[in-house]
Amino acid sequence: MSDDRSRDRIFWHCRRGLLELDLLLQRFVARHLDALDDGQTAVFVELLEYDDNDLFDMVMKRAEPVNERLSPVLALLRDV
């Protein structure tokens with residue numbers, strides 16, 4: 001990711017009200033954000049638009065992703 005403002009925005013959106021999700025997203029960003037391509041980054045940003053409980057349920061496999069194109073990034077989130 002080359003744009004520092006975009007990176008800062010993503011970091012800010014990873015701050016969540018649900019502590020478990022907040023910690024998971026922070027670990028994900030630390031491990032994977034710089035390695036994501038533009039498409040994966042866009043999917044990650046889209047995932048961050050979900051409310052905490054819905055996103056956490058998808059990450060924990062308690063709910064299916066609304067769109068299958070979210071699955072590869074969700075798989076990365078599940079591995080952190």
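**Salt bridges, a Phe pair and a helix crossing**

With a relative accessibility of 53%, Asp 34 falls in the exposed class (buried is under 20% relative accessible area, exposed is over 50%, and partly exposed is in between, using a 1.4 Å probe and protein chains only). This is a predicted model, where local features need pLDDT of at least 70 and side-chain atom pairs count only at pLDDT 80 or more, while totals for chains, interfaces and linings use all residues. Residues are numbered from 1 along each chain as its sequence is written, and side-chain values use heavy atoms, with hydrogens and water left out.

**Salt bridges**

- The count comes to four salt bridges, a salt bridge being a side-chain nitrogen of Lys or Arg within 4 Å of a carboxyl oxygen of Asp or Glu.
- As background, side chains of opposite charge can pair when their charged atoms come close.
- One of the four pairs exposed Asp 34 with Arg 7, and their closest N and O atoms sit 2.6 Å apart.
- That bridge links distant parts of the chain: Arg 7 is in helix H1 (residues 4-13), Asp 34 is in the loop between H2 and H3, and 27 residues separate the two.
- Helices here are DSSP runs (H or I, at least four residues), numbered from the N terminus.
- Arg 16 and Asp 52 make another bridge, also with 2.6 Å between the closest N and O atoms.
- Here the loop between H1 and H2, which holds Arg 16, is linked to helix H4, which holds Asp 52, and the partners are 36 residues apart.
- What about accessibility: are Arg 16 and Asp 52 buried or exposed? Both of these residues are buried.
- Arg 69 bridges to Glu 46, with the closest N and O atoms 2.5 Å apart.
- Arg 69 is in the loop between H4 and H5 and Glu 46 is in helix H3, so this pair ties together parts that are 23 residues apart in sequence.

**More on Arg 69 and Glu 46**

- Both ends of this bridge are partly exposed: Arg 69 has a relative accessibility of 43%, and Glu 46 has 23%.
- Which residues does Arg 69 contact, leaving aside its neighbours within four places in sequence? Those residues are Val 43 and Glu 46 (contact means heavy atoms within 4.5 Å).
- From Arg 69 to His 13 it is 20 Å, C-alpha to C-alpha, and the two are 56 residues apart in sequence.

**The Phe pair**

- There is one aromatic pair in the structure.
- Phe 28 and Phe 44 make up that pair, which is tilted, at 4.6 Å centre to centre and 35° between the planes.
- For reference, rings of Phe, Tyr and Trp (its six-membered ring) pair if their centres lie within 6.5 Å; planes under 30 degrees apart are stacked, over 60 edge-to-face, and the rest tilted.
- Phe 28 belongs to helix H2 (residues 19-32) and Phe 44 to helix H3 (residues 38-48), so the pair ties together parts that are 16 residues apart in sequence.
- Both rings' residues, Phe 28 and Phe 44, are buried.

**Where H3 meets H5**

- The axes of H3 and helix H5 (residues 71-79) cross at roughly 75° and come within 9 Å, which makes H3 roughly perpendicular to H5.
- Axes are lines fitted to C-alpha atoms, for helices over the stretch in contact, with angles running from 0 to 180 degrees between N-to-C directions; under 35 degrees is roughly parallel, over 145 roughly antiparallel, 65 to 115 roughly perpendicular, and the rest oblique.
- On the H3 side, Gln 40, Val 43, Phe 44 and Leu 47 meet Val 73, Leu 74, Leu 76 and Leu 77 of H5.
- By class, this contact has seven nonpolar residues, one polar residue and no charged ones (Ala, Val, Leu, Ile, Met, Phe, Trp, Tyr, Cys and Pro count as nonpolar, Asp, Glu, Lys and Arg as charged, and the others, Gly among them, as polar).

**The loop between H4 and H5**

- Lys 61 is found in the loop between helix H4 (52-59) and H5.
- Lys 61 isn't a glycine, yet has a positive phi of about 65°.
- Lys 61 is exposed, at 60% relative accessible area.
- Met 60 is found in the loop between H4 and H5, and counts as partly exposed at 41% relative accessibility.
- The C-alpha atoms of Met 60 and Leu 19 are 14 Å apart, with their positions 41 residues apart along the chain.
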